[in-house]
Amino acid sequence: MQHLQAIPKADEAPRATKSSVPLVVDLDGTLIRSNLLVESVIALVKRSFLSILLLPLWLMRGKAAFKAQVTKRVALDLSALPFNRPLVEHLKQEKARGRRLVLATGAHESLAHQIAHQLGLFEEVFASDGKRNLTSHDKLAALRDRFGAEGFDYAGNAAADFPIWRAARFATVVNASPRTLNWAFAHANVDEVFPRRKPSLSVYVHALRLHQWLKNLLLFTPLIAALQFTDTEALAALAIGFFAFSFCASSVYLLNDIVDIEDDRRHPDKRHRPFASGRLPIAQGFMLIPALLAGSAALSFFLPWQFGAVLAVYYAVTLAYTFFLKRLEAVDVVTLALLYTTRIFAGGAAANIPLSQWLLTFSIFIFLSLAFAKRCAELLLMQEHGKQTSLGRGYLLADLQMLNSMGVGAGYVAALVLALYLSTPQVLVAYTRPDLLWVFVPILVFWVTRIWLKTCRGEMRSDPLVFAARDRASLTFAILGGAVIWLAM
């Protein structure tokens with residue numbers, strides 16, 4: 001993206017003298033498309049959830065002390081930060097012309113010096129040090145003491161930069177809101193503008209993971225198993241439940257991506273996620289989460305209280321999974337299988353359809369197989385990129401063979417459970433031609449085998465259920481299965 005240049009005014013200093021004046025650059029929101037303090041707090045809470053209780057106590061001692069306390073307890077990986085690439089390229093050009101570049105930030109000095117060393121562009125660094133919070137007027141005072149009045153140009157992005165822009169010789173506005181940009185043009189000597197990149201609709205779709213809503217079609221499983229296809233009241237309830245569950249799930253996906261932002265940046269595929277790449281500000285994610293939860297709760301009021309209870313359990317377990325359980329080997333795959341199965345519980349509660357033990361037993365084993373497939377796919381991807389572990393998980397490449405064995409075994413056990421169910425009296429009573437249902441057994445064996453072949457070949461790049469929804473063979477067998485049920489009724 002090309003940056004914009006303001007037209008110099010008649011009384012401005014000639015541009016030929018520009019290189020003699022240092023360019024001071026802000027960090028959070030300007031040089032990087034993120035906020036290091038926010039990311040540090042997230043990393044701290046992820047590592048030690050109970051530390052969230054200490055945050056208010058530290059904040060009472062002032063922002064500078066707060067930043068120091070948080071920063072000394074976490075070690076952020078700064079190598080993959082979402083830098084503002086157009087600005088970085090501009091800074092490289094300015095440095096090549098002999099201009100002095102200075103980094104001035106409210107972030108803690110330890111982080112600021114690491115980033116300055118990493119980029120190799122800045123000759124001097126001003127940052128918060130535990131006693132002084134170097135933002136707004138405090139930053140201005142430090143810059144005036146060092147460079148004098150109008151002895152510097154300044155690149156910033158937010159309202160906190162207003163007094164500095166006003167005092168600087170020239171103002172560079174980076175990634176600013178329309179209100180901030182208008183203020184800068186009205187009150188400062190704007191030299192250059194690097195426009196804000198507004199998130200597109202596709203970015204929000206990616207962040208909400210709308211494609212993952214396909215998994216919530218599992219809510220309709222109890223209705224299909226009970227052969228109540230013409231029950232319009234149940235269908236309407238399940239439709240409401242689908243969106244309520246989907247809103248809740250998307251809020252969890254947002255939280256998960258925010259919590260895992262550092263791990264995602266080191267992942268070959270996940271580094272393109274909206275928060276990890278900086279395409280979507282973390283602040284917007286924190287605003288969307290309660291909005292989605294409120295929408296989910298509102299829809300739940302139209303359904304039986306049991307649905308709301310199941311949804312609450314799902315949310316509680318996913319929170320535990322996000323902060324703790326995903327890092328525990330074996331526990332994580334069992335939790336994933338239970339979260340899949342929770343959707344079936346939610347469907348039964350929404351439509352007031354009792355669930356059979358056969359259905360639940362089958363669900364646990366088939367979803368356990370898919371959970372193992374998901375972990376194996378991640379390990380294979382790490383192997384392709386020379387990694388020895390799955391980021392943010394508790395597995396090593398040495399575990400791959402065992403995970404494959406357990407996953408395939410769980411899938412075939414699910415096929416056995418289905419075969420045993422087809423021999424029960426319930427099936428003979430429910431269907432007029434129950435023998436036709438035995439077609440499902442080879443279909444399931446084939447599908448499980450196909451999923452695992454795709455996984456072992458490294459072709460499983462998404463959630464297995466999402467993969468199945470896009471896989472022609474899987475869709476063909478789903479249609480065939482629906483026809484078999486219809487003919488057997």
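**Helix α11 and its neighbours**

Helix α11 passes helix α16 in a right-handed crossing. In this predicted model, α11 and α16, the latter covering residues 331-351, pack with their axes 9 Å apart and at an angle of about 140 degrees. The two helices are therefore oblique to each other. On the α11 side, the residues that take part are Ala234, Ala237, Leu238, Phe245 and Tyr253, and these meet Arg343, Ala346, Gly347, Ala350 and Ala351 of α16. Sorted by class, this contact holds eight nonpolar residues, one polar residue and one charged residue.

A second partner of α11 is helix α15. Here α11 spans residues 232-259 and α15 spans residues 305-323, and their axes come within 10 Å while crossing at roughly 15 degrees. Since angles under 35 degrees count as roughly parallel, α11 and α15 are therefore roughly parallel to each other. The crossing of α11 with α15 is right-handed. Helix α11 brings Gly241, Ala244, Phe245, Cys248, Ala249, Ser251, Val252, Leu255, Asn256 and Val259 to this contact, and α15 brings Phe307, Leu311, Tyr314, Tyr315, Thr318, Leu319, Thr322 and Phe323. The contact of α11 with α15 comprises 13 nonpolar and five polar residues, with no charged residues. Phe245 is worth finding in the structure, as this residue of α11 appears in the contact with α15 and also in the contact with α16.

How do these helices relate to the annotation of the chain? An unreviewed UniProt entry places the feature "transmembrane region" at several stretches, among them residues 235-259, 280-299 and 305-324. Residues 305-324 are 95% helix and 0% strand in the model, and the C-alpha atoms at the two ends of the span lie 28 Å apart. For residues 280-299, the chain is 90% helix and 0% strand, with 27 Å between the end C-alpha atoms. The same record also lists residues 402-424, 436-453 and 465-488 under this feature.

Aromatic side chains offer one more view of α11. The model contains 16 aromatic pairs. One of them joins Trp213 and Phe243: the ring centres are 6.3 Å apart and the planes stand at 85 degrees, so the pair is edge-to-face. Trp213 sits in the loop between α9 (201-208) and α10 (221-225), whereas Phe243 belongs to helix α11; with their positions 30 residues apart, the pair links distant parts of the chain.

How values were computed: Residues are numbered from 1 along each chain as its sequence is written. This is a predicted model: local features need pLDDT of at least 70, side-chain atom pairs count only at pLDDT 80 or more; totals for chains, interfaces and linings use all residues. Side-chain values use heavy atoms; hydrogens and water are left out. Axes are lines fitted to C-alpha atoms, for helices over the stretch in contact, and angles run from 0 to 180 degrees between N-to-C directions. Helices (H or I, at least four residues) and strands (E, at least two) are DSSP runs, numbered from the N terminus. Angles under 35 degrees count as roughly parallel, over 145 as roughly antiparallel, 65 to 115 as roughly perpendicular and the rest as oblique. A crossing is left-handed if the near helix is turned anticlockwise from the far one by less than a right angle, and right-handed if clockwise. Contact means heavy atoms within 4.5 Å. Ala, Val, Leu, Ile, Met, Phe, Trp, Tyr, Cys and Pro count as nonpolar, Asp, Glu, Lys and Arg as charged, and the others, Gly among them, as polar. UniProt positions are given in the numbering used here, feature names are shortened, and annotations may be inferred rather than shown by experiment. Rings of Phe, Tyr and Trp (its six-membered ring) pair if their centres lie within 6.5 Å; planes under 30 degrees apart count as stacked, over 60 as edge-to-face and the rest as tilted.
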